[in-house]
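Please work through the exercises below with the sequence and the model side by side. Each one gives a task and then a solution in steps.

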Amino acid sequence: MKKLNITACGLILAAAMTITSCQDIVTYDEGYDDGMASHGAPSITAIYNAEDTEMNSPLTGGAFEDMIKLTGENLSYVKKITLNDVEVPLNEVYATAEAAYFPIPRVVPTEVNNKLYYETELGNTSVDFTVSVPEVNIIGLYNEYALPGSSVRVCGDYFDLYGFGSENASSTITMNGVELEVDSLTEQYMSIVIPQNATDNSTIVFTWESSNGMKSVSVPYRNNANILWNLDTPDAYGFWAGTELITDGADENAPEPLNGSYFRINGSYGAWSWNNLLCGGCDFPAEAAANPSDYWFKFEVNSASGNPFYDSGSAGYLIQLNGGQYAWNPSATGSFNTYGNWCTVRLELSDVATNGINSGWNNLFWIMQPNSDWNVDHSFANIRIEKK
């Protein structure tokens with residue numbers, strides 16, 4: 001019996017020690033708030049650009065793909081967000097009880113209501129918020145003299161938003177009434193295929209349905225109505241310099257011709273040297289002379305891959321028309337290189353004609369004065385004017 005009493009006392013003592021140990025445990029997450037707890041319907045107090053970390057400038061609207069931040073209460077556990085009834089993918093949303101981050105979808109709405117709708121497990125709310133919906137922007141073809149059967153880039157933006165290149169889309173691209181193939185389409189790029197039987201002086205028409213109804217834009221293809229220099233017949237222009245630069249493209253590494261002969265500058269030129277390239281004259285129609293602001297001054301240019309155009313300031317390639325002077329500097333805001341491809345350049349004729357234009361004959365000189373030592377391989381073709 002004495003042995004049993006000792007054992008019982010030991011068990012009682014062990015139990016007492018266990019109780020004491022449990023009472024000493026500290027609960028560290030007691031009262032912890034993970035920022036996710038919501039207690040009612042959501043409310044939105046302000047909207048900011050996500051990069052506005054100080055939240056100094058609340059927004060009333062935004063643009064496609066802007067990352068925005070909502071502040072308010074009870075914003076966690078999102079079920080649905082829409083802008084103009086366009087849903088925001090929930091996997092692109094990060095939300096706590098007091099803030100929510102997400103990008104504005106790059107989707108054209110069916111109907112614009114300028115509302116942001118926010119729904120959680122505990123309710124919903126909506127606020128006024130205007131999303132600017134961009135229209136298709138069409139500048140023209142990267143190379144207006146692209147050869148028949150070739151693929152050519154369309155310069156512009158937002159083609160994908162309006163269904164270009166999609167099956168059963170209302171957006172169309174036609175040349176002389178025949179629909180053209182879109183062979184490449186991304187958010188920032190679209191190219192089309194020129195038909196094998198395409199003819200000069202054709203028109204390409206882009207048609208699409210916008211929120212304001214059907215719209216269309218026409219762009220020219222190989223417009224040769226007002227070519228100032230046909231370099232296959234150089235004797236007609238009184239050239240007193242530069243005829244040795246005219247080529248039919250048979251020279252080594254020369255670009256493929258687009259429309260007969262062109263002129264190519266290939267060599268090394270010293271800083272501030274004065275180089276008369278092609279210098280002669282040409283006829284201007286009376287209408288263009290009287291209304292130059294209604295016309296483009298256009299040409300195609302090609303730079304070899306290793307010879308980009310240089311930031312030439314007020315020097316470089318100088319177009320002298322009727323005694324005036326225009327400095328063409330395509331690299332003023334960033335290096336310009338066509339990488340061995342032909343590219344159409346569009347200049348305001350009124351900018352080029354700094355000394356006005358005569359109806360009929362005008363002197364037209366193409367000069368190069370590099371502002372540093374230049375190694376060049378640049379070609380120019382199809383110098384022309386064109387009605388806007």
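**Exercise 1.** Decide whether cysteine 279 is buried or exposed, and then establish how many disulfides there are.

Solution. Begin with accessibility: cysteine 279 has a relative accessibility of 0% and therefore counts as buried, where buried means under 20% relative accessible area, exposed over 50%, and partly exposed in between (1.4 Å probe, protein chains only). Next apply the disulfide rule, which asks for a pair of cysteine sulfur atoms within 2.5 Å; the count comes to 0 disulfides. Cysteine 279 is accordingly in no disulfide, and its nearest cysteine sulfur, that of cysteine 282, is 12 Å away. Seen from the other end, the sulfur of cysteine 282 has its closest cysteine sulfur in cysteine 279, and the 12 Å between them is too far for a bond. Cysteine 282 is also buried, because its relative accessible area is 0%.

A note on the basis of these values: this is a predicted model, in which local features need pLDDT of at least 70 and side-chain atom pairs count only at pLDDT 80 or more, while totals for chains, interfaces and linings use all residues. Residues are numbered from 1 along each chain as its sequence is written, and side-chain values use heavy atoms, with hydrogens and water left out.

**Exercise 2.** Find the order of the strands in the open sheet of 5 strands, and say which strands stand at the edges.

Solution. Strands are DSSP runs (E, at least two residues), numbered from the N terminus, and two of them pair if DSSP finds at least two bridges between them. The order is β19-β20-β27-β22-β25, with antiparallel pairing. β19 (246-247) and β25 (342-348) stand at the edges, since each has a single partner strand, so that one side of each is left without a neighbour in the sheet. At one edge, β19 pairs with β20 (residues 262-269) over 2 bridges, and isoleucine 246 has phenylalanine 263 as its bridge partner in β20. At the other, 7 bridges join β22 (residues 295-303) to β25, with tryptophan 342 as the bridge partner of asparagine 302. β25 is mostly covered, with 5 of its 7 residues buried.

**Exercise 3.** Describe the surroundings of serine 303 in strand β22.

Solution. First, serine 303 is buried, because its relative accessible area is 0%. Second, its contacts (heavy atoms within 4.5 Å), leaving out residues up to four places away in sequence, include Phe309, Asn337, Tyr339, Asp377 and His378.

Methods: Helix = DSSP H or I, 4+ residues; strand = E, 2+ residues; numbered from the N terminus.
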